[in-house]
Each structure stands twice: as structure tokens, then as C-alpha cells.
Amino acid sequence: MSMFEDIPVDVGVVYEGERIRGKDMQFEFGGPNIEKKFELVQAREMKEIQDGKVIIQGPDLKDLEEGKSYPLGILVEAAGKQIEKDLEAVLERRIHEFTNYVEGFMHLNQRYDIWLRLSKSSFKKGFNSLDFLGKVLARLFKSEFPIIEKIQITFITDPAKIESWHKKALQIYEARDARVRGMKDEDVEEFYGCVLCQSFAPSHLCIISPNRVSLCGAINWFDARAAARVDPKGPNFMIPKGELLDEIHGEYSGANEAAKQKSLGEVERVWMYSMFGHPHTSCGCFEAIAFYIPEVDGVGVVDRGFEGTAVNGLAFSTMANQTGGGKQVEGFNGIAIEYMRSPKFLQADEGLNRVVWLPSNVKEKILDSIPEELRDKIATEKDATNTTELKAFLKEKGHPVVQRWPAEVAVAEKTPAEEGVPTEYALPQVTMAAAPGLIPGVGEGFQLIFKNVKIKAEKLIIRREEKKSK
Ligand code: SF4
Ligand code: ZN
């Protein structure tokens, strides 16, 4: 690409899916080892910024030690007659894509959760300054969005400077999220779609409504609307709601139609407010996963930052593999944390009243959206680390989910059908039960007993897990 002749590495769509493993990285920015990191786009007046300028506040790439993790703030300032505040979030989401175009640069997640890695080989090729990344971003932004007349990019690596910017960024994200909180899906004529993640998950379409922010958490209804207005043929577009087919599950004929079209027939129906039946698809950038816990007939939520295993014995990454890729996976749903605040959050599955386990930091974040009488009834990793402890906790606290349990009959012996879970769901339950760590003695041979269960599945794989040597 001649547009990038002065950049020491290649730049192009082909590098988008590139993963950089720990042993191949020169260093990383953000990620789980770094508390304060962010990326932010701000609309500016023409006179406020200088087009093409790249500013680096703090140490540059060549000053950083190999193998280490560093803080980073990315501030993109854009100006133009048509550049308005409402566009900031969708422009911001493209930082992910554009950074991934750089050979040997990996970018994950969004907002306050970014994680970037530079490969050793790209560093050796001479990619030793953030100035290069700034130039790439500026050029890609301007070529993708002709409405951007001026763009200026600042990288902040100085920990002291990140501090104040980070605080400001969190306030800006919060203000964006808060803007839709008072609205209802019934109040609008149309929803919006986003297919930005189809490069990774070809059948995935985010259906963005006032009550259901995108699962990456970065694009809400206003953001998608603004993007669709300036670029209706782009990744964000209007979805006429059509007919309301099912109020409780959140099924709209227009959303179904859009899903069918954009997934090329793979997805035919979407229930926006349920994790069973026809759940919303999940790509890979969900902030958290809502997962069904058959042992207590409840729902757990685990966020990307959670270390170790969730209450069901599975790590976030393990569940993410099962959830993502653009498929509809019953009992696993990629979500934004903000969606948990929505009055329609998994409404058909009883919403927060069905939530039995959350990491403590997530609980903290959404505490004011949890009804007061429910707050001490939802367990965190501090209350329960496995389903036996969880069951005891829920019973002791009188969590509403306990009423779903048949009196004094072990829940595990009940079939999902008897518990009001679709029978088709029986399979995920089996795979989960077979996961190591959930059944004592797995590995030395174990038994699976099916009672009165209907299974619909294309295939069933039971595999012996190799012992991991650590
Ligand atoms: Fe778009 Fe959804 Fe991907 Fe976010 S997760 S970038 S809204 S498709
Ligand atoms: Zn995605």
C-alpha cells in the first residue's frame, strides 16, 4: 500500500486476525497487568487541532523494556463540518480495527479495557515509535471517513498524565451510557445494526436498541444512529423494528429480517432479552458472559477481567471460546456490563432476579441498578467458588431462584425440561458437566446419566483432557 510507504511494516486488512503470543511480543500496553488504560475519540473545532499531528506524552516505544507491560492512553481528536459529538463512540470503536491492520500490532477490547501488543519482529523491522502508529491511524481514519477534515492523535504513556485523562475518559463513557438509560425500546421506531465484527465472526450482527447496548459496550443506540446517518452503507445501519412478535423475549420481525440478511441465513430469529431459545449472537468482544448454571437453575455473569475460574469451574477464556464466533449458543450470552442495568436485561429469563453470581467488581459497578432487596442475595467470588457453596449461599440468603428449586429434591437430578429450561438446552448442560473440575474424579472414568432428556445435536464430542503440566 503506497499510502504507508514510510511505515517500516506492512499495513492491511490481512493482519487483522493476527494474534501475538507472550513469547513473541516486544512489550504490551494495557491488558490485565495494567490498571489504567483507555482510548478515546473527541470531536473538536477545526481551529483546536492540527491535522496529522502526532503527540507522544511519555516514553516512546524505543525507550521501553522488552517483555514488560505499560500503561497507555490513546486520544484521537477529530474535526470537520459534519463531525459531531454523537460520532465519537463509533469512531472510537474503529481504533481497534485500524490498529489491528498494522503488521505485528494486536489490539483487543475497547474503552477502559484496551490491550495492545507489538511483536518482536515488527519492532526489529523498525517500528520503534508511536509516531508510526499515529500516522497509520490518522490516514486510515481520513480515508474511511471523508467527513474527518482534521485529525490529531495523542499517545499518553506517562503514568502521571494517564491518571487524570483516565478519570476524564471514565466520566465520558459514563455520560454516553447514561444517555440511553431513560429510554425504552418501545419509544423508538428503529433499532440499529453493527457488523464491524463480521471480519472475525461472519454470522454476527449486533442489534442495538435503547435497552440493549452492543455487547462490546462501546456503541449504544445514539452512537449507531449517528454513524448510520453519516454513512448508511457503512458497518452501522438502520433496522426498522417491524412488528413486535414477542414482547417478553424481545422478538421483532425487523430485527429477525436483519439478522437473516446479515448472517446470510445462518440466524433466523433473535430474542433480544433472553439467553435461551434464540439468543443474540456473540462475536468475541463481549465485556462479559452471562452463563446458565444448571446446578442452581440460575445465571452467572463473568467479566473479561476476572482471573481464575468462575463459580461453574470454567475460566472466562474457556467460556469465551464456547460463546463467541457469531453463533447462537443457548445458555451462554456475550453481553456488555451496561446491559445489566437495562430493565430488559434477560427479561424473559427473569433478569437480575435470576442472577446468582457475579465477580465482586462487576457487582460493585452495577450495584445501584440491583434492587435493594436483592443486593446481598447475589453471590460473588468471595461468597462462593463452586456450585455447592453457591447453592448453600443462595438457600441461606433466600435468593428468589430458590423458589424454582423443587422442595428438598436435589436440583441436579431434575431434567432441564422439568425446570422450565428448553429441552434442547440439555446438551450444553452435559458438556458443562463433563468439563474437568465439575465432577469429582473426572479423568479416572466417569458416568453420565440421562433421565428423560431429549437431545438435539449434530454431534457430541467427549474428549479426555490432557493433564496440563505447569
Ligand atoms: Fe459492532 Fe457489536 Fe462488534 Fe461492537 S461488538 S464493534 S457493536 S459488531
Ligand atoms: Zn466483536
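This note walks through a few features of the structure above, point by point.

1. Before you start: this is a predicted model, in which local features need pLDDT of at least 70, side-chain atom pairs count only at pLDDT 80 or more, and totals for chains, interfaces and linings use all residues. Residues are numbered from 1 along each chain as its sequence is written, while chains are lettered from A and ligands numbered from 1 in the order in which they are written.

2. A good place to begin is the open sheet of 4 strands, whose order is 4-1-7-6 with mixed pairing (strands are DSSP runs of E, at least two residues, and helices are runs of H or I, at least four, numbered from the N terminus; two strands pair if DSSP finds at least two bridges between them). Strand 4 (69-70) and strand 6 are at the edges with a single partner strand each, so one side of each has no neighbour in the sheet.

3. Within that sheet, strand 1 (residues 25-30) runs antiparallel to strand 7, joined by 5 bridges, and Phe29 sits opposite Leu116. Strand 7 (residues 115-119) also pairs with strand 6 (residues 105-108), again in the antiparallel sense, over 4 bridges; here Met106 faces Arg117.

4. Now look at the hairpin of strand 6 and strand 7, with 6 residues between the strands, where Asn109 has a positive phi near 65 degrees. Arg111 lies in the loop between these strands, and its phi is positive too, near 50 degrees. Most residues other than glycine have a negative phi. Arg111 is buried, with 21 other C-beta atoms within 10 Å (buried takes 20 or more such atoms within 10 Å, exposed 12 or fewer, and partly exposed lies in between, with C-beta atoms placed from the backbone).

5. Which residues of helix 6 (residues 253-262) are buried? They are Ala255, Asn256, Ala258, Ala259 and Lys262. Seen down the helix axis, they fall within an arc of 165 degrees, so they line one face of helix 6 (the arc is that of the directions from the axis to the C-beta atoms). Their cover includes strand 9 (190-194) and strand 11 (236-240).

6. Leu264 follows helix 6, with a positive phi near 55 degrees. Leu264 belongs to the loop between helix 6 and strand 14 (288-293). Is Leu264 buried or exposed? Leu264 counts as exposed, with 9 C-beta neighbours inside 10 Å.

Terms used
Two residues are in contact if their C-beta atoms, placed from the backbone, lie within 7 Å.
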